[in-house]
Amino acid sequence: MGVAAGPIRVVVAKPGLDGHDRGAKVIARALRDAGMEVIYTGLHQTPEQIVDTAIQEDADAIGLSILSGAHNTLFAAVIELLRERDAADILVFGGGIIPEADIAPLKEKGVAEIFTPGATTASIVDWVRTNVREPAGA
């Protein structure tokens, strides 16, 4: 990932059958209010749809939100598809109901960060700013 012009672009996605999107919408709004461009995919997205959107939108990062318990499978599928499509420079982070014991294995698979309940929107915005790329003019 080189130094790109313009604001950081983040796809916020709800993979799988999880139908609860309040947290994803809160994060999407916080990122938007912090000056980032946010593409919210809506509910029930497949890993393929999420990766397609990220590539089409020239996203810098993908934020996945999941409460259903399928995080190990779905997060890994997104990471693998990014690698297959030569888009591994798109950073993946996630949040939701993810057991502490699953965080290290997810990071080993390539998920850059996991935010669990109680993480503040400010901490997530700061993490994205620090770890994705500096916005133009910063």
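**Surface, fold and nonpolar cores of the predicted model**

The protein exposes about 6900 Å², of which carbon and sulfur atoms supply 52% (Shrake-Rupley method, 1.4 Å probe). The model is predicted, so that local features need pLDDT of at least 70 and side-chain atom pairs count only at pLDDT 80 or more, whereas totals for chains, interfaces and linings use all residues. Residues are numbered from 1 along each chain as its sequence is written, and side-chain values use heavy atoms, with hydrogens and water left out.

From the N terminus on, the elements run β-α-β-α-β-α-β-α-β-α, where helices (H or I, at least four residues) and strands (E, at least two) are DSSP runs numbered from the N terminus. The C-alpha atoms fill a box of roughly 40 × 35 × 25 Å along the principal axes. Of the 138 residues, 45% count as buried, that is, under 20% relative accessible area with a 1.4 Å probe and protein chains only.

The largest nonpolar core (buried Ala, Val, Leu, Ile, Met, Phe, Trp, Tyr and Cys residues joined through side-chain atoms within 4.5 Å) has 24 residues, and those with the most contacts inside it are Ile62, Leu64, Phe75, Val78 and Leu82. Two or more residues each come from strand E1 (9-13), helix H2 (47-56), strand E3 (61-66), helix H3 (71-84) and helix H4 (100-109), with H3 giving the most, 6 residues. A second, separate core of 17 residues includes Ile8, Val12, Ala28 and Ile124. Among contacts (heavy atoms within 4.5 Å) between residues at least 6 apart in sequence, 72% join residues at least 24 apart.

Note on methods:
Buried < 20%, exposed > 50% of the residue type's maximum accessible area, 1.4 Å probe, protein only.
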